[in-house]
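Got the model open in your viewer? Get ready to select residues as we go.

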Amino acid sequence: MQSVSDPAGIASVTADLTGIENANNAPLFTAGGPWSGYAYRTAARTADVPLETGSTSAWAVRATNTTGDASTLSGLTYNVRSYVGLMRGEFGAAATASLSQYYRFSDSANAGTNQGSGGTANVTYNGAPNKQVPGALVGATDTAVELNGDPDYLSSTRLATLTGDLSAEIWVKGSGASGSGPGTAFSDSAGLVDAGNAASTRDWGVAVDASGRIVAGCGNGATVHSASNAIADGAWHHIVFTRTRTSGATALYVDGQPVAAATGCTTQTLTGGTTVWYGRSHESNLYFQGTLDEVGLYARVLTPAEVLDHYRLGTGTG
């Protein structure tokens, strides 16, 4: 058992423990380690009720592999990480910097609060989406939202911090029928995260076209694409788009890996769109059909290492 601080004040957790280390900073899951080969890791605190912020409680750490074999260790110093912990600073870890807007899409009502650090920017559910369907993160009980095309989508205000360097991160599950449009630009295809404005070139977005390609860009600059059918397999995929203001550089990542980059984005501040649309383009009749989860909008450029870490943490693979 290990007594650790519980800054979130929650009763129990399910967490990815890939990064667990012992007192000598040696990972426990490396080859030859006591938990090497375990595919799924969970941790549950023994307390029955939520503790006040900053209080402590004993934890039992248990690992279970794909065949159902289990093992419990105690008496070591653990660095417990989870995807949400990384985003929000749970489990004593530092929150990811400059996460201005963060939505988990697990709401039962038609509105949800911004869990990022940028300020008040509620998300609103429109149409009749299927709420609280199984979510993207391995080992988590949090849910997602399934959109059925027109008129299902979500929207929020775009906070003022998201006009310079930025990153848009989203988990997506779709099929061959999820996208629409030619994919010439993000604005002419089914929006995933869209901060566009038809009357301005100072906008940006991420979409999926009729061929299943992920399409992203800003202004009238170069568009970056993934391969076709990138999300057509009915599985969860992790999508990240980044933009660097000073150079106009953009990059697109799918499942932790860079798939495209360009340097033709505008270097102006991206003030054109004051609304962010999730699951539709700012242009009409371009709606996404599929499931969305865990949207993060950052006022900085995520590094390739961070993108890969987020993907591995969300999938329980590293």
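Here is a walk through some ring pairs, strands, contacts and salt bridges.

Some housekeeping: this is a predicted model, in which local features need pLDDT of at least 70 and side-chain atom pairs count only at pLDDT 80 or more, while totals for chains, interfaces and linings use all residues. Residues are numbered from 1 along each chain as its sequence is written, and side-chain values use heavy atoms, with hydrogens and water left out.

**Stop 1: the rings**

A search of the whole structure turns up six aromatic pairs. (Rings of Phe, Tyr and Trp, the last by its six-membered ring, pair if their centres lie within 6.5 Å; planes under 30 degrees apart are stacked, over 60 edge-to-face, and the rest tilted.)

Select Tyr103 and Tyr278. Their ring centres are 5.8 Å apart and the planes sit at 65°, so this pair is edge-to-face. It links distant parts of the chain, with Tyr103 in strand β5 (residues 99-103) and Tyr278 in strand β19 (residues 275-278), 175 residues apart. (Strands here are DSSP runs of E, at least two residues, and helices are runs of H or I, at least four; both are numbered from the N terminus.)

Are these two tyrosines buried or exposed? Tyr103 is buried at 1% relative accessibility, and Tyr278 is buried at 0%. (Buried means under 20% relative accessible area, exposed over 50%, and partly exposed in between, using a 1.4 Å probe and protein chains only.) Add Phe105 to your selection: ring pairs link Tyr103, Phe105 and Tyr278 into a cluster.

**Stop 2: along β19**

Now pick Tyr153 and Trp277. With ring centres 5.7 Å apart and planes at 50°, this pair is tilted. Tyr153 is in strand β10 (residues 153-157) and Trp277 is in β19, 124 residues apart. Tyr153 is buried, at 14%, and so is Trp277, at 18%.

Keep Trp277 on screen and show Arg280. The charged end of Arg280 sits over the ring of Trp277, 4.4 Å from its centre. (That calls for CZ of Arg or NZ of Lys within 6 Å of the ring centre and within 35 degrees of the ring normal.) For another such case, try Lys131, which lies over the face of Tyr125 at 5.3 Å from the ring centre.

Switch to cartoon view. Strands β10 and β19 run antiparallel and are joined by four bridges; Ser156 has Val276 as its bridge partner in β19. Strand β12 (residues 190-195) also runs antiparallel to β19, with two bridges, and Val193 partners Tyr278. (Two strands pair if DSSP finds at least two bridges between them.)

**Stop 3: Val133**

Jump to Val133, in strand β8 (residues 130-134). Val133 is buried, at 17%. Which residues does Val133 touch, not counting those up to four places away in sequence? Thr143, Ala144, Val145, Glu146 and Thr291. (Contact means heavy atoms within 4.5 Å.)

**Stop 4: salt bridges**

There are four salt bridges in the structure. (Each has a side-chain nitrogen of Lys or Arg within 4 Å of a carboxyl oxygen of Asp or Glu.)

Select Arg104 and Asp142, whose side chains meet at 3.7 Å, N to O. Both Arg104 and Asp142 are buried. Next, Arg213 and Asp209 meet at 2.8 Å, with Asp209 buried at 2%.

Finish on Glu306 and Arg300, a salt bridge at 2.8 Å. Glu306 is partly exposed at 22%, whereas Arg300 is buried at 17%. Last selection: Arg104, Asp142 and Glu294, joined into one network by salt bridges that share partners.
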